[in-house]
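Colleague: I would love a close look at one part of this protein, the nonpolar core, and how the rest of the chain sits around that part. Could you walk me through it?

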Amino acid sequence: MYHRSETEEKRGKEKPLEHIESGRSYMKYAIIGAGGCGGSIGAFLAEAGQDVTLIARGEHLAAIREHGICVESPSRTFTVTDIKAVDEAGYAEIPDVLFVCVKGYSIPDIIPFLREHSDAETLIVPILNIYGTGAKLQQALPDATVVDGCIYIAAEIKEPGVILQKGDIFRIVFGARKGQALCRKMFLLEQELKAAGIDAVLSDQIERDAFQKYAYVSPMAACGLYYDATAEVFQRAGEERMLLIRCMKEIDALATAMGIPFLVDIEKTNLDILDALVPEASTSMQRDIWAGKPSEIDGLLYEPLRLGEQYGVEMPNYEMIVKVLKEKYGE
């Protein structure tokens with residue numbers, strides 16, 4: 001009984017999830033991880049008038065608190081000063097929607113936070129690069145609704161308080177997994193994101209759609225690190241672009257073997273995304289490794305080989321890249 005009272009206190013007075021005349025709803029958002037992805041989501045939602053709290057750290061948190069969060073993109077630059085920002089210890093609410101925007105290696109560290117700040121009515125939306133995160137989080141958070149999700153964006157922290165988007169693509173795809181019931185909040189979330197200027201898709205085939213995003217980011221991370229190159233190298237004809245295409249084809253074959261074949265030409269789809277980026281764009285995994293930080297190399301480069309072995313798919317290009325990178329960077 002005490003837990004329920006504490007939950008109600010954190011949530012505040014419950015209100016119906018209805019749009020009001022201003023176009024806003026009563027949804028309360030929290031975003032853990034205020035980097036390129038989380039910072040962009042928070043800024044767009046807050047600019048649209050939504051109730052958003054960013055969970056951040058260090059100088060980035062201090063800058064947001066003092067000046068707000070600024071987003072720079074090829075099409076426009078704007079700053080949102082009316083946005084709440086706290087560290088993990090300073091957050092004391094249970095939101096309607098909780099976006100998980102940390103790196104894959106940080107997931108174990110934030111499980112206690114997610115447990116404390118979610119309940120049966122919370123919709124948790126992970127948008128990590130690592131495929132299958134939602135299902136794993138659901139096991140650790142049985143009382144909440146954890147969907148699967150992914151994001152298409154090239155963005156990073158330019159300096160504390162400033163998010164730099166290296167391209168105008170900004171799409172969030174999310175949805176219920178097989179056997180998971182749809183709920184009204186999922187539909188409302190799609191509406192809210194669209195109203196904020198984000199290309200949102202509530203997918204009825206989220207396993208396939210999330211793996212389709214993986215079919216872009218994994219080859220880009222692998223080839224980008226292999227050649228120590230940014231997008232411009234792969235935007236022109238040459239051996240680098242051809243290796244990238246061969247890696248995409250291996251992920252395509254893997255999707256078919258897994259029973260989630262892509263419904264689009266994955267090569268054309270991914271190259272269209274790549275060619276729309278600014279030349280200096282790179283994956284977050286590359287930037288982390290270049291900076292000597294922990295990275296998602298296991299989930300983005302080693303996991304495809306594990307899946308290939310599991311599903312009987314030969315992946316010679318991934319094998320070649322991984323062999324070279326393990327020699328260069330270690331396990």
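Modeller: Happy to; we will go from the whole chain to the core, then to its aromatic rings, and finally to a few single residues. Please keep in mind that this is a predicted model.

Let us start with the chain as a whole. It holds 13 helices and 13 strands. Its radius of gyration is 20 Å, close to the 20 Å that the globule rule gives for 331 residues, so the chain is as compact as a globular protein of that length. Along the principal axes, the C-alpha atoms fill a box of roughly 60 × 40 × 35 Å. Of the 331 residues, 55% are buried. The chain exposes about 14900 Å², and 50% of that comes from carbon and sulfur atoms. Among contacts with a separation of 6 or more, 70% are between residues 24 or more positions apart.

Now to the part you asked about. In soluble globular proteins, nonpolar side chains tend to be buried together. Here the largest nonpolar core has 50 residues, and the members that touch the most others are F211 and L301. Which elements each supply at least two residues of this core? They are β9 (148-152), α7 (206-227), α8 (231-234), α9 (239-257), α10 (266-275), α11 (284-290), α12 (297-311) and α13 (316-329). Helix α7 gives the most, with eleven residues. Apart from this core lies another one, of 43 residues, with A34, A85, A155 and L202 among them.

F211 deserves a closer look. With a relative accessibility of 0%, F211 counts as buried, since the cut-off is under 20%. Leaving aside residues up to four places away in sequence, F211 touches Y131, I251, L254, A255, M258, I260, F262 and L307.

That brings us to the rings. The structure holds nine aromatic pairs. In one of them, the ring centres of F44 and F78 are 5.4 Å apart and the planes stand at 75 degrees, so this pair is edge-to-face. F44 sits in helix α2 (residues 36-47) and F78 in strand β4, so the pair ties together parts that are 34 residues apart in sequence. Both F44 and F78 are buried. Y131 and F211 form an aromatic pair that is also edge-to-face, at 4.9 Å centre to centre and with 75 degrees between the planes. This pair links distant parts of the chain, 80 residues apart: Y131 is in the loop between β7 (123-126) and α5 (133-140), while F211 is in helix α7. Y131 has 24% relative accessibility and so counts as partly exposed, whereas F211 is buried. Ring pairs also join Y131, F211, Y214 and F262 into a cluster.

Helix α11, one of the elements that supply the core, is home to two polar residues you may like to find in the viewer. S284 lies in this helix, and at a relative accessible area of 16% S284 is buried. Beyond four places in sequence, S284 touches K103, N129 and E296. D288 is found in α11 too, and its 8% relative accessibility makes D288 count as buried. Its contacts, with residues up to four places away in sequence left out, are K103, Y105, K293, P294 and S295. K103 is therefore a contact of both S284 and D288, taking contact as heavy atoms within 4.5 Å.

Two more residues round off the tour. L114 is found in helix α4 (residues 107-116) and is buried, with a relative accessible area of 0%. Again without residues up to four places away in sequence, L114 touches I32, L98, V100, L137 and L141. The C-alpha atoms of L114 and E66 are 26 Å apart, with their positions 48 residues apart along the chain. S73, for its part, has its place in the loop between β3 (69-72) and β4 (77-80). S73 counts as buried at 16% relative accessibility. A polar atom of the S73 side chain lies 2.9 Å from the backbone oxygen of R76. Not counting residues up to four places away in sequence, S73 touches Q165 and D168.

Methods
Residues numbered from 1 in each chain as written. Heavy atoms only, no water. Helix = DSSP H or I, 4+ residues; strand = E, 2+ residues; numbered from the N terminus. Buried < 20%, exposed > 50% of the residue type's maximum accessible area, 1.4 Å probe, protein only. Polar contact = N/O pair within 3.5 Å; in protein donor to acceptor, adjacent residues only side chain to side chain. Core = buried A, V, L, I, M, F, W, Y, C linked by side-chain atoms within 4.5 Å. Rg over C-alpha atoms; globule rule 2.2 N^0.38 Å. Areas by Shrake-Rupley, 256 points an atom, 1.4 Å probe, with all protein chains shown as cover. Phe/Tyr/Trp six-rings, centres within 6.5 Å; stacked < 30°, edge-to-face > 60°.
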